[in-house]
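Biologist: Could you walk me through this one, a piece at a time? I'll ask, and you can reason your way to each answer.

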Amino acid sequence: MSEHSENRNLVEPDEVISPIRKNPKGKYVHSREKSIIVNMYKDTMMKTPGITCSDMYNNLSKATGIGYDTIMKTIVDYKLRNTVTSPNTKRAKTSLFNKIDDLDRNGLRRKVHSIWLRRELPTIDKILFEVNEDPSLPNFKRTTLYNIIKKLDFVFTKRKRCSVLTEREDLIVWRRKYLYDIRKYRNEGRSIYYLDETWLNAGDCVDRVWIDKTVRSKHDAFNKGLTTGPSNPTGKGKRLIVLHIGSDKGFLEGGLLCFESKKNSTDYHDEMNGDNFKEWFQSILPRLDPRSIIVMDNAPYHSVQTEKYPTSSARKSVILEWLNAKGVTFDRPMLKPELLAKVRELKPREKSYVIDNLANNAGHTVLRLPPYHCEFNPIELAWAMVKGYVKRENTTFKANDVRQLLYTAIDRVTPENWQNFIKHLIDEENNIWKVDDIMDEIIDGMEPCVLTITGDTSNDSSD
C-alpha cells in the first residue's frame, strides 16, 4: 500500500468530527435499520458476553442515535419472533362520530326529540331529511347517520311494519331520574352549581369578517389608511384548558382553573386526570353555599371510584390476593370464573366515587348528567358567550394574550346572563319530559311486531 493511501485513511488530529445524528423523535425505524441493530447486538454479545442488558442498550443507542426504548423493543421483539418487522405506518382512520363535537351530537338528539314532540314516529329517512335541511348541522349520508344515531344510544324498536327510533331503556331511566331529582332540589330552594371543562386555542378567531369591496389592492388600502392585516390562523396553536363552575349567581369567584395543554391530542379531556380534578374540586367546596347541588357530566376523571375491583382482564393471582385482603379464603383450588363470581358478590350495587364522597363530607350532593345531554348544563351557553368574545377580540394569537381575553370574557358573563341560561335549560328539561311521556304513550299503544313462522320446522337442525 502506498504512503499516500495510508495517509488518506488517517484522521488528522485537528479534524472536527460531527456528533452522531439522532433519530428524530416519532420517526419510524424500518426493518433495515432494525436488522443493523440486531447485528450490532449479536456482535456485542460475542465480544463482551458479560455485559448487562442496560449497558448494551445504552451503548447501541449512543452508537446508532436511536432511542434506548426503541433499541430495547427491537431486540426483545427479535428474540420472540426471530425476525424483524416493518412498522405499521398506516394511521387509524378517525370515524365521523369522533370528528363531530358534542354540540352536533346534541343537535342530532334534539332533532329526534323534536319529531317525537310533534307526535310523529322518527324514522331514519325523516331524521336524515331534517338534519340535512338544518344549516347548523353537518350533512350526512344515510348509512353514516344511521351509525351515528346508534352510537348515541338510540335503538330501533319494531312495531307492526315500522321500525321506530327510541332510546335505550337505561338511558331513559337515568334521564327521568335526573329530571325528577333536579326539580326536587329546585323546589327545596337549594343552590345548584354547574361545572364543565372547555378549551381555547391561541389561533382561535372569528370565521367571517367584513370586506370592503371598494379596496382593490394593498396599495389602495394603504392610501385609504386601511390594512389587509395578518391572515387568520386556522385555530391551531397553543391550547388552554379551562375549568369553571357557576350558578344563577354567576361564575363562582375563585373557581377558575386554566392551564396550558402539554399533550398533542385532539380531545381536551385527555389533559385532565383524577388527581388534578380532585385538587381543584377540594378547593372550591368551601366556596359553595351550604347543602349545594353540584351538577357534572361523567368524564372519567369525575368518576374515579374509591376502590378498584378486579375485572376479567386481571390475573388470577391478583384476584385471589384481592379476595384474601377482604378476608375471603378457599378450602380448595378455584377457577378464575369462580373467583370473579365471588368478586361480584362483594361489589356494592351502587358505585362509590371519590368526588361524591368529598362532596358528601362537606354537606353537598353530586348530581350526574345523563350521557349526551349537554343541553341540561347552562355553563355550555356561558362557554359559547366566552369563546365568542375571545374569538372576536383575538388579534395577536398568543397564548398569554388569549388567557387575558379569557379572564375578561368570564367577567363579562353576568348573573343575569346565567339566570337566562338556566331559564333556557328549564325549558329544555320540560320538553324532554314531554318527549318521554309521548314516546311511552305512543309505543305502548302500538302493536308489537309478531314474527310468524310457517312450515314444518321439527326437523330443522340449524340450531
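**A walk through the model**

Modeller: Let's begin with Glu307, which is partly exposed at a relative accessible area of 25%; buried means under 20%, exposed over 50%, and partly exposed in between (1.4 Å probe, protein chains only). This is a predicted model, in which local features need pLDDT of at least 70 and side-chain atom pairs count only at pLDDT 80 or more, while totals for chains, interfaces and linings use all residues. Residues are numbered from 1 along each chain as its sequence is written, and side-chain values use heavy atoms, with hydrogens and water left out.

Biologist: With which side chain does the side chain of Glu307 make a polar contact?

Modeller: Glu307 sits in the loop between β7 and α12 (316–325); helices (H or I, at least four residues) and strands (E, at least two) are DSSP runs, numbered from the N terminus. Setting aside neighbours within four places in sequence, it is in contact (heavy atoms within 4.5 Å) with Trp322 and Lys326. A polar contact is a pair of N or O atoms within 3.5 Å, where within protein one must be able to donate a hydrogen and the other to accept it, and residues adjacent in sequence count only if both atoms are side-chain atoms. At 3.4 Å, the partner is the side chain of Trp322.

Biologist: Let's zoom out. What percentage of the residues in the chain is buried?

Modeller: The chain holds 17 helices and 8 strands. Among its contacts with a separation of 6 or more, 69% link residues 24 or more positions apart. Of the 463 residues, the buried part is 36%.

Biologist: Which element gives the largest share of the largest nonpolar core?

Modeller: A nonpolar core is a set of buried Ala, Val, Leu, Ile, Met, Phe, Trp, Tyr and Cys residues joined through side-chain atoms within 4.5 Å. The largest has 25 residues, and Leu108, Trp116 and Leu145 have the most contacts inside it. Two or more residues each come from α6 (102–117), α7 (124–133), α8 (142–151), β2 (162–167) and α17 (415–445). With 5 residues, the largest share comes from α17.

Biologist: And how many residues has the other core that lies apart from it?

Modeller: To place the first core, consider Leu145, which touches Leu108, Ile124, Ile127, Leu128 and Phe140, not counting neighbours within four places in sequence. The other core lies apart and includes Leu243, Leu285, Ile355 and Ala359. Its number of residues is 20.

Biologist: Now α11 (274–284). How wide an arc do its buried residues cover around the axis?

Modeller: The buried residues here are Phe277, Trp280, Phe281 and Ile284, and they pack against β3 (192–201), β4 (239–247), β6 (257–260), β7, α14 (354–361) and β8. Asp275 and Glu279 are exposed on the other side of α11. The arc is that of the directions from the helix axis to the C-beta atoms. The buried residues lie on the same side of α11 because that arc is only 100°.

Biologist: Which backbone oxygen does the side chain of Asn377 reach?

Modeller: Asn377 is found in the loop between β8 (365–368) and α15, and it is buried, with a relative accessible area of 4%. Beyond residues up to four places away in sequence, it touches Tyr194, Leu195, Asp196 and Leu369. At 3.3 Å, its side chain reaches the backbone oxygen of Leu195.

Biologist: Which side chain is joined to that of Asp181 by a polar contact?

Modeller: Asp181 belongs to helix α9 (residues 169–187). It is buried, at 8% relative accessible area. A polar contact of 2.8 Å joins its side chain to that of Lys177.

Biologist: What is the approximate phi of Phe397?

Modeller: Most residues other than glycine have a negative phi. Phe397, in the loop between α15 (379–393) and α16 (399–412), has a positive value although it is not a glycine. That phi is about 60°.

Biologist: Last one: how many disulfides does a search of the whole structure find?

Modeller: Cys53 is partly exposed at 42% relative accessible area, whereas Cys374 counts as buried at 14%. A disulfide is a pair of cysteine sulfur atoms within 2.5 Å. The number found in the whole structure is 0.
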